[in-house]
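Visitor: I would like a close look at a single part of this structure. Please take me through it step by step.

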Amino acid sequence: MSQQGYVATPPYSQSQPGIGLSPPHHGHYGDPSHATSLPGVMKSPGPLGVAAPGAMLPPLPPGPQQFGQNGAHASSAPGLPPHRFAGPAPVRSVASAYQPSAQPSYPSPMSTPPVVQLGGQLGAMQLDSHAAGYGPQMGAPASYPGGLPAGPARMAGPQPPKQLDPDAVPSPIQVIESDRAARGGQVYVTNTRGQVPPLVTTDCVVQDQGHASPRYIRCTTYCFPSSSDLAKQAQVPLAAVLQPFATPPADETPLYLVNHGENGPVRCNRCKAYMCPFMQFIEGGRRYQCGFCNCVNDVPAFYFQHLDHLGRRLDHYEKPELSLGSYEYVATLDYCRRSKPPSPPAFIFMINVSYSNIKSGLVKLICEELKTVLEWLPREGQEEPSAVRVGFITYHTVLHFFNVKSNLAQPQMMVVTDVGEVFVPLLDGFLVNYQESQSVIHNLLDQIPGMFADSSESEAVFAPVVQAGMEALKAADCPGKLFIFHSSLPTAEAPGKLKNRDDKRLLNTDKEKVLFQPQTSVYESLAKDCVAHGCSVTLFLFPSQYVDVASLGLVPLLTGGTLYKYSNFQMHVDSQQFLRDLRGDIEKKIGFDAIMRVRTSTGFRATDFFGGVFMNNTTDVEMAALDCDKAVTVEFKHDDRLSEDSGALIQCAVLYTTVGGQRRLRIHNLGLSCSSQLADLYKSCETDALVNFFAKSAFKAVLHQPVKVIREILVNQTAHMLACYRKNCASPSAASQLILPDSMKILPVYMNSLLKSCVLLSRPDTPTDERAFQRQLVMTMGVADSQLFFYPQLLPIHTLDVKSTALPAAVRCSESRLSEGGVFLLANGLNMFLWLGVSSPPELIQGIFNVPSLAHVNTDMTQLPAVGSPHSQQLRTVMGIIQRKRPYSMKLTIVKQREQPEAAFRQLLVEDRGLHGGSSYVDFLCCVHKEICQLLS
Amino acid sequence: MATYLEFIQQNEERDGVRFSWNVWPSSRLEATRMVVPLACLLTPLKERPDLPPVQYEPVLCSRPTCKAVLNPLCQVDYRAKLWACNFCFQRNQFPPAYAGISEVNQPAELMPQFSTIEYVIQRGAQSPLIFLYVVDTCLEEDDLQALKESLQMSLSLLPPDALVGLITFGRMVQVHELSCEGISKSYVFRGTKDLTAKQIQDMLGLSKPAMPVQQARPAQPQEHPFVSSRFLQPIQKIDMNLTDLLGELQRDPWPVTQGKRPLRSTGVALSIAVGLLEGTFPNTGARIMLFTGGPPTQGPGMVVGDELKIPIRSWHDIEKDNARFMKKATKHYEMLANRTAANGHCIDIYACALDQTGLLEMKCCTNLTGGHMVMGDSFNTSLFKQTFQRIFSKDFNGDFRMAFGATLEVKTSRELKIAGAIGPCVSLNVKGPCVSENELGVGGTSQWKICGLDPTSTLGIYFEVVNQHNAPIPQGGRGAIQFVTQYQHSSTQKRIRVTTIARNWADAQSQLRHIEAAFDQEAAAVLMARLGVFRAESEEGPDVLRWLDRQLIRLCQKFGQYNKEDPISFRLSDSFSLYPQFMFHLRRSPFLQVFNNSPDESSYYRHHFARQDLTQSLIMIQPILYSYSFHGPPEPVLLDSSSILADRILLMDTFFQIVIYLGETIAQWQKARYQDMPEYENFKHLLQAPLDDAQEILQARFPMPRYINTEHGGSQARFLLSKVNPSQTHNNLYAWGQETGAPILTDDVSLQVFMDHLKKLAVSSAC
């Protein structure tokens with residue numbers, strides 16, 4: 001069981017009957033057999049992590065206390081006082097008394113007792129208000145798990161419904177800003193085990209002193225509970241988001257390369273962990289004890305070094321593998337396929353030349369762009385020119401291979417019509433060095449648009465195209481990457497032929513999951529073959545209608561490629577966005593033919609992997625390619641008790657081939673602390689990583705379970721985590737009080753945003769392809785990207801200081817933060833909106849758009865005009881900064897207040913109630929609070 | 001008419017026909033007792049510079065089952081404007097155009113000298129000739145270069161409107177599109193996958209079944225040429241393109257590891273070529289020209305695997321049933337050949353390699369379609385280059401010596417029936433009253449298709465006399481046969497050549513001498529040899545030899561003059577005297593003996609034997625030997641070891657080889673360089689004379705023979721020694737005296753021994 005859920009620990013034995021809660025219920029995502037029974041009327045919190053969580057929660061102590069008695073906490077969890085939030089205030093004055101409305105509602109974390117309390121009890125009245133507030137309106141899709149027990153709801157008092165003051169709830173902006181204020185711009189030294197890094201939104205310089213930078217590994221918590229019981233009790237997921245190829249900023253040192261020549265890396269004999277700072281040298285340096293499995297190994301003769309008086313090797317600081325958390329090894333032939341040094345990778349460009357693409361000018365655009373972009377093929381270090389070879393294929397219902405050998409006067413086209421059994425028609429001259437064959441390639445790219453100008457072929461194949469690329473790489477015996485430019489559902493007669501199966505009637509049924517599953521098994525086996533041959537597939541989709549992203553996208557997902565989608569692509573509007581993506585993708589830092597292995601110290605192990613990965617067994621993560629933007633989220637489970645002394649150690653090793661054709665190992669090491677105190681766990685939690693984990697596991701689960709069930713599970717687990725905290729770590733307080741641990745205080749707003757994502761919220765007007773696309777997108781996201789995706793950045797542009805280069809302070813994603821006289825920029829990593837209030841200052845409009853008034857602003861543009869005014873320059877600089885670190889080029893939409901396109905913009909104001917469903921932040925808090933109360937009662 | 005020899009020669013020149021018997025036995029029983037069947041060698045398109053074609057259509061007999069063509073043998077009633085068919089005796093009205101005929105104003109087809117006449121048909125669209133090159137790229141660099149040059153050269157020889165196409169193959173098969181500008185485009189096929197014609201046409205985009213239906217009618221005619229023209233283009237349009245394309249052809253780029261043969265997809269390449277023409281130009285004259293430098297090693301039609309350590313099948317393997325790919329491959333090529341023949345196209349095979357190339361399996365492609373088969377060691381030899389050039393040689397009218405898509409129809413008098421044909425043809429399975437139930441060769445039909453033929457293509461056609469034994473000599477005393485050959489002339493005209501011949505009937509019992517005197521032993525030898533070779537394709541070698549021997553003995557018994565049990569008394573008349581000698585050499589020829597020949601060589605020899613005319617065939621059976629000496633002018637000498645003398649130069653022509661052999665003394669003189677000394681200029685002339693004569697033969701011969709210059713004791717002298725009658729061997733050397741020739745180290749029987757045995761058997765009453 002629990003083969004794929006979040007859940008690894010069998011819950012049966014843990015349940016304690018007689019607590020009064022539901023019978024043990026095991027709501028595993030991956031276990032559809034249970035799924036159907038979940039949404040019962042009975043309060044049956046299908047926990048994500050551990051079944052019957054109620055069993056773990058002892059009965060609440062009687063006598064709820066209300067406010068700020070922090071002494072108890074201070075003793076139990078020194079330095080980390082929890083934040084408490086009372087429920088929505090029945091008495092507004094309470095709230096206002098604590099929170100001056102204009103002020104940020106939070107005291108700085110540094111200030112003593114950082115307790116935020118939402119005054120008043122969350123009594124029956126509030127519950128009622130909550131229920132009345134959105135329950136009936138939202139209808140079924142938005143009603144949160146299990147509903148409310150009938151009892152309390154009926155206790156509705158006579159008072160009119162009241163809303164919780166939005167300013168009174170924890171603000172992500174404030175959390176981000178305060179972390180930035182506290183740690184931004186500083187040097188973060190990774191010399192201590194289990195220290196919580198700055199938030200992803202905080203810029204700081206990381207200095208590697210024995211633990212991997214949080215850019216490479218970021219954990220959901222930096223203090224693991226010492227026993228599995230404790231872990232189950234807390235239900236806080238123990239996971240790490242690995243982004244092994246993350247790009248460090250320019251002011252951080254790139255990874256050191258260790259070369260042991262023919263000896264290869266030094267590894268533990270038992271667990272095969274690589275030499276790292278966690279290895280303890282003993283017996284005068286002749287032996288070392290592995291930090292992961294405790295095996296005592298002999299130090300190889302070539303590696304021997306004496307120890308100093310502290311028991312450290314004399315060359316401790318000379319060897320990166322002894323002193324750093326992250327470094328690279330040069331791999332020996334033993335680490336290569338067939339013990340042969342790998343060839344440098346190849347890029348194959350595969351362009352769909354069916355009628356519509358020719359007609360729209362897309363093919364011409366791609367060909368033109370390739371001529372310049374090929375100059376920027378990735379290279380290794382100072383290597384010149386790039387070792388990456390390139391090849392070209394065009395296709396519609398048949399495939400055209402091109403021979404662009406440098407000694408040819410003109411390219412040669414070879415048509416392969418046997419799409420049923422694709423093969424590579426040529427060997428020599430297909431993959432060429434760009435510099436050598438430049439003139440032939442340019443000749444070809446000039447000719448391609450004209451060559452198919454009179455083609456009337458409207459259908460296309462897809463699987464044979466991937467197959468062809470893979471076969472070509474296989475024939476050339478090198479890893480590589482396919483760039484496929486595709487636009488239609490592959491309906492032509494060939495393997496992988498798809499039919500239009502988009503069916504809105506499936507929404508909100510048990511069969512909805514089918515829409516996320518591939519239509520045929522062809523694509524999965526194709527992807528498997530691709531991975532086996534180190535062939536990564538990056539897919540640029542230009543759909544004008546349903547193309548079945550769920551099927552087509554599986555190949556890029558499983559092969560470590562990227563999926564780009566430009567719906568209803570229009571040349572004049574969208575070409576810049578596409579070209580930026582293409583350039584970015586070609587130039588990206590990338591490793592090929594990768595195998596990742598995550599090793600852990602004894603007591604726990606990696607149990608589940610989320611992301612664009614392919615696994616043949618339970619431990620080796622295979623990826624045809626791994627680039628700087630791809631992250632793999634790993635979940636850990638306890639095997640045994642963890643020792644608080646030795647902590648929990650993680651080593652992530654990625655064996656890969658560089659763009660220059662070298663075989664290397666990239667090692668990241670991270671040490672976490674362990675504690676038997678739940679408070680320590682909660683203190684070290686990292687909300688952004690948690691959300692990343694929740695998103696990936698939920699998005700993985702939609703393949704197997706109805707979204708409704710998944711939403712319920714998410715809410716339940718949120719409630720469980722918080723309830724556990726409240727019960728075990730917080731000082732007793734009134735039941736009506738919502739108490740959140742400091743590290744998780746903005747978890748609810750993120751969770752609510754996740755719940756409102758179009759993947760988890762079925763709406764008939766969201767294209768199925770878009771949902772599949774976003775699902776896939778999130779599966780490979782790193783923490784920084786997922787943070788922005790689930791809590792978009794909203795910047796008031798009208799407050800921009802034209803003299804400063806700093807970004808303006810962001811505001812919360814809520815309509816109430818907008819003002820008619822303002823201009824706001826909103827970005828979530830995929831889209832960017834420039835929102836213009838109806839009474840935006842004309843000088844600002846003039847400055848940005850060079851038009852006299854708002855009415856003159858053309859909302860069709862996707863790029864701001866290059867106006868010389870400081871406003872314009874400043875705004876474009878800001879947009880550049882926002883765009884810079886993002887893997888996807890964001891499409892700019894200009895939105896005028898109260899005009900129709902505003903809906904898409906509003907949808908991203910995640911603190912508000914969704915236009916088509918999904919509760920507001922405040923409502924969600926109420927809901928979670930009620931869940932907690934349920935759990936605790 | 002002076003002698004039969006002259007008669008025969010005159011007939012051959014006029015009609016291209018040689019009969020084994022020029023007076024026919026009038027009854028079935030007697031005819032079978034003649035041993036050699038009534039048969040003829042027909043050269044349908046024998047070059048007739050003196051015969052201008054007539055520009056109208058033939059007049060046919062109106063009886064639907066007959067449809068014989070009006071000919072000089074028909075009785076004509078000029079007054080009533082009627083003519084009587086001489087085959088079915090139907091009386092026919094002349095067509096209106098013939099209203100003006102009279103005894104003095106006869107149309108050509110009624111004049112006796114026009115027993116062979118050619119009509120030009122003006123009807124029907126003319127389509128250009130099509131040449132589809134199918135080129136192997138798994139060649140050595142210099143071989144490929146030579147082949148490319150030959151192909152480029154051939155482009156200049158083609159008529160400007162001829163359509164050409166190019167398919168190259170190695171591990172993959174590439175069909176080149178010739179109409180594209182700026183970029184060369186080809187369709188590529190996997191060499192291992194057998195494709196149906198339909199699939200090939202789909203994949204090449206040749207079949208657009210839905211399009212013409214939907215489109216308006218007028219668009220339809222334009223559609224078709226457009227589709228097909230992508231791969232087959234008029235040479236004048238793409239001359240430069242194709243020249244460049246051929247120039248850029250590279251060796252097959254796929255690596256061939258040590259100990260492997262290159263992967264060569266000949267089977268699929270041919271299949272695609274056939275499918276391409278089938279889909280675009282069915283029933284239009286087209287040549288598929290396959291150039292291959294090795295055996296097919298993969299896919300359908302593979303002859304040998306790619307492991308070099310496993311050699312290609314030998315006769316030994318075949319006898320042991322150890323040739324594992326042979327049957328399947330043969331089946332593949334037979335299927336292709338039959339399809340090609342059905343479409344009226346022909347396949348040439350130009351195989352140049354030192355080892356075998358699978359001609360055994362592929363032979364049906366040429367044999368059934370009338371294509372050429374050329375075997376050489378390398379494309380970089382004059383043998384190939386000149387042979388290939390000769391394909392495009394032109395006749396006295398400036399037309400190619402090739403014709404396409406011919407059907408040969410044979411009509412006979414009632415007393416005769418058609419037993420079959422042997423030659424480069426396939427049966428059209430047209431049954432009729434004049435078709436015999438006894439088959440000799442390809443029988444059971446009165447019509448054959450000959451997809452490619454040239455002025456020397458010759459078929460053996462076998463007849464059966466069906467007149468009953470006691471029936472009188474048929475009315476008129478003469479039997480008639482009409483050969484109607486419809487074909488596409490190389491000028492793309494449709495033409496019909498009609499040859500009508502008649503021979504006297506004779507009662508074999510009373511007029512045996514007549515019949516005997518009218519025996520054409522040369523034709524008979526070739527016709528019998530063709531039967532023998534035809535049998536050898538399906539039967540074991542020894543069985544065929546036994547059959548030939550038995551026939552020979554029976555013939556001698558029938559026509560020899562002897563006293564019973566007295567071999568000494570045995571005599572044969574002049575008209576039979578050479579026949580046993582032909583048979584002797586035939587028994588030793590590579591057509592029936594496979595020893596020392598590879599299966600490919602046997603196939604190659606048999607291929608040519610089954611299509612060459614009588615003169616050439618006789619040379620093949622019994623090579624010609626000329627002797628040059630100071631004693632007099634060059635003279636033909638016996639093909640006998642006794643002719644090998646030290647002071648002679650010998651020139652042997654076996655059709656496939658031209659051997660110049662210097663006797664021992666001559667060779668020594670040559671080594672001493674006497675020829676360079678002015679005082680021995682006559683020696684220089686003597687050396688030169690055979691060379692000049694050889695050149696003359698080389699000029700005319702197709703395919704180019706292998707030219708061998710050797711001397712006494714040279715290794716290549718084996719070509720001569722294996723052919724001559726071993727009258728002196730190591731067994732009887734001293735009995736014959738040392739000075740009179742060269743002994744041959746063989747256990748083969750000599751002609752003398754053979755004749756002695758023959759006589760003994762002929763006179764014996766035992767058999």
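Guide: Here is a walk through one sheet of chain A, followed by some ring pairs, one arginine and chain B.

This is a predicted model, where local features need pLDDT of at least 70, side-chain atom pairs count only at pLDDT 80 or more, and totals for chains, interfaces and linings use all residues. Residues are numbered from 1 along each chain as its sequence is written, chains are lettered from A and ligands numbered from 1 in the order in which they are written, and side-chain values use heavy atoms, with hydrogens and water left out.

Start with the sheet. It is open and has 4 strands of chain A, in the order 4-6-24-21. The pairing is antiparallel. Strands here are DSSP runs of E with at least two residues, helices are runs of H or I with at least four, and both are numbered from the N terminus. Two strands pair if DSSP finds at least two bridges between them. At the edges lie strand 4 (217-219) and strand 21 (604-610) of chain A, each pairing on one side only. On average, neighbouring strands of this sheet are turned by 25 degrees against each other, direction ignored. The strand axes are lines fitted to C-alpha atoms, and angles run from 0 to 180 degrees between N-to-C directions.

Now look inside the sheet. Strand 6 (residues 239-242) and strand 24 (residues 632-638) of chain A run antiparallel, joined by 4 bridges. One residue to find is A:Ala240, whose bridge partner in strand 24 of chain A is A:Val634.

Next, the rings. Rings of Phe, Tyr and Trp (its six-membered ring) pair if their centres lie within 6.5 Å; planes under 30 degrees apart count as stacked, over 60 as edge-to-face and the rest as tilted. Over all chains, the count is 73 aromatic pairs. One is A:Phe224 with A:Phe604, edge-to-face, at 5.3 Å centre to centre and 80 degrees between the planes. This pair links distant parts of the chain: A:Phe224 is in strand 5 (residues 223-225) of chain A and A:Phe604 is in strand 21 of chain A, 380 residues apart. A:Phe224 counts as buried because its relative accessibility is 0%. Buried means under 20% relative accessible area, exposed over 50%, and partly exposed in between (1.4 Å probe, protein chains only). A:Phe604 is buried too, at 3%.

A:Tyr682 and A:Tyr725 also form an edge-to-face pair, with 5.1 Å centre to centre and 65 degrees between the planes. A:Tyr682 sits in helix 17 (residues 678-683) of chain A, and A:Tyr725 in helix 19 (residues 707-728) of chain A, 43 residues apart. A:Tyr682 is buried at 0% relative accessibility. A:Tyr725 is buried at 3%.

Turn to A:Arg812. This residue is in the loop between strand 28 (793-796) and strand 29 (823-827) of chain A. With a relative accessible area of 5%, A:Arg812 is buried. Its contacts (heavy atoms within 4.5 Å) include A:Asp167, A:Tyr791, A:Glu911 and A:Tyr921, not counting residues up to four places away in sequence. The C-alpha atoms of A:Arg812 and A:Pro344 are separated by 47 Å.

Finally, chain B. Its secondary structure comes to 23 helices and 29 strands. Of the 767 residues of chain B, 59% count as buried. The C-alpha atoms of chain B fill a box of roughly 85 × 80 × 55 Å, taken along the principal axes.
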